[in-house]
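Open the model in your viewer and keep the selection panel at hand. The tour goes from pockets to cores, then to single residues in loops and strands.

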Amino acid sequence: MRLFQEASYFYSLPKYSFDTSKTAIAKVNEYSTVRFDKNNYSVPATLIGQEATIKAYGNEIRIHHKSAVVASYDRIYGPGGYTSYTLEHYMPLLERKPRSVFNAKPVRQAIQRDLLEWGMKFPNANRDTVKLLRLCLDYGTDRIIGIKNQIPATVSPTIDLVRSYLDGPVSNGVISVATDISVDNVDLSAYDAKFKVAVNG
């Protein structure tokens with residue numbers, strides 16, 4: 001009974017969960033990063049010069065632009081000065097300016113050195129390495145490294161060769177056709193009678 005008497009004093013639960021993050025607004029700099037707690041985090045290069053909202057949780061950083069999450073990272077603690085890059089954020093720039101691929105910090109942080117050294121062996125090292133990075137994003141770096149290890153060292157690598165491994169080998173060029181084709185019996189007696197076809201007994 002007492003519960004019903006006190007029910008009128010209860011408050012309803014909030015419709016939205018309480019945001020426990022530490023929130024800050026930052027401008028995306030020319031390196032396509034935002035700064036939070038003395039560390040930097042990359043965002044898509046298309047946002048350079050625009051403002052982003054940073055939400056910092058205990059172990060995670062989420063970066064929003066116009067209510068959409070554009071990047072998320074493990075939160076960095078420490079003295080500062082570290083930058084977390086996401087390679088995909090820089091691909092449009094690299095595809096426009098492939099000559100910078102071997103010196104770009106996002107590439108050196110994200111891609112193993114032996115894969116970059118392999119890219120230098122391609123016919124058009126800069127452009128082909130950018131294409132190789134795109135394949136890493138689309139199919140996974142481990143898969144591309146696996147293909148690298150399958151190609152003999154004596155073979156000059158090309159992007160088309162790598163893609164042939166991704167597509168998978170064709171088993172054979174022969175189209176299989178059934179040799180045993182069943183044919184239903186048809187009564188042709190009416191046809192024979194009409195055209196006076198003699199039927200040998």
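**Stop 1: the largest pocket**

This is a predicted model. Start by colouring domain 1 (22–84) and domain 2 (89–167). Each of them gives at least three residues to the lining of the largest pocket. Select Tyr31, Tyr85, Tyr90, Lys105 and Pro106 next. Of the 15 residues that line this pocket, these lie nearest its centre. The space inside comes to about 360 Å³.

Which helices supply at least two residues each to this lining? Select helix H2 (91–96) and helix H3 (105–110): they are the ones. Now colour the lining by class. You should count 7 nonpolar, 5 polar and 3 charged residues.

**Stop 2: the second largest pocket**

Move on to the second largest pocket, with a volume of about 180 Å³. Select its lining in two steps. Take Asp114, Glu117, Trp118, Lys121, Lys148 and Asn149, among others. Then add the rest: Ile151, Pro152, Ala153, Val155, Ser156 and Pro157. By class, this lining holds 6 nonpolar, 2 polar and 4 charged residues.

Show helix H4 (113–119) and helix H6 (141–150) as ribbons. Each contributes at least two residues to the lining of the second largest pocket. H4 has the largest share, with 3 residues.

**Stop 3: the loop between H4 and H5**

Stay with Lys121, one of the residues lining the second largest pocket. Lys121 belongs to the loop between H4 and H5. Is Lys121 buried or exposed? Its relative accessibility is 59%, so Lys121 counts as exposed. Draw a distance from its C-alpha atom to that of Thr158. The viewer should give 8.7 Å, for two residues 37 residues apart along the chain.

Select Asn124 next. Asn124 sits in the loop between H4 and H5. With 37% relative accessibility, Asn124 counts as partly exposed. Draw a second distance, from the C-alpha atom of Asn124 to that of Ile159. This pair is 35 residues apart along the chain, and the separation is 9.8 Å.

**Stop 4: the nonpolar cores**

Hide the loops and go inside. The largest nonpolar core has 24 residues. Select Leu94, Val107, Ile144 and Val162, which have the most contacts inside this core. Five helices each supply at least two residues of this core: H2, H4, helix H5 (125–139), H6 and helix H7 (159–167). Which of them gives the most to this core? H5 does, with 5 residues.

Centre the view on Ile144. Leave aside its neighbours within four places in sequence. Ile144 is then in contact with Leu115, Trp118, Leu132, Leu135, Cys136, Val162 and Leu166. Another core, of 15 residues, lies apart from the largest one. To find this other core, select Val34, Phe36, Tyr41 and Ala56, which are among its residues.

**Stop 5: His64 in strand S5**

Select His64. This residue is part of strand S5 (residues 60–65). Is His64 buried or exposed? His64 has 16% relative accessibility; the limit for buried is under 20%, so His64 counts as buried. Show its contacts, not counting residues up to four places away in sequence. His64 touches Ala52, Thr53, Lys55, Val69 and Val70.

**Stop 6: two positive phi angles**

Most residues other than glycine have a negative phi. Two loop residues are worth a look here.

Select Lys38. Lys38 is not a glycine, yet its phi is positive, at about 70°. Lys38 lies in the loop between strand S2 (33–36) and strand S3 (39–42). Its relative accessible area is 54%, and Lys38 is exposed.

Now select Ser67. Ser67 also is a residue other than glycine with a positive phi, near 75°. Where does Ser67 lie? Look in the loop between S5 and strand S6 (68–74). At 72% relative accessibility, Ser67 counts as exposed.

**Last stop: the whole chain**

Zoom out and show everything. The chain has 8 helices and 7 strands. Colour by burial: 30% of the 201 residues count as buried. Then draw the contact map. Take the contacts with a separation of 6 or more: 48% of them join residues 24 or more positions apart.

Technical notes: Residues numbered from 1 in each chain as written. Predicted model: local features only at pLDDT ≥ 70, side-chain atom pairs only at ≥ 80, totals over all residues. Heavy atoms only, no water. 1 Å grid on protein atoms, 1.4 Å probe; cavity = no way out; pocket = protein on both sides within 12 Å on 5 of 7 lines; lining within 4 Å. Points joined across faces, edges and corners; volume = space filled by probe spheres on them. Helix = DSSP H or I, 4+ residues; strand = E, 2+ residues; numbered from the N terminus. Nonpolar A, V, L, I, M, F, W, Y, C, P; charged D, E, K, R; others polar. Domains from an automatic or database assignment. Core = buried A, V, L, I, M, F, W, Y, C linked by side-chain atoms within 4.5 Å. Buried < 20%, exposed > 50% of the residue type's maximum accessible area, 1.4 Å probe, protein only. Contact = heavy atoms within 4.5 Å.
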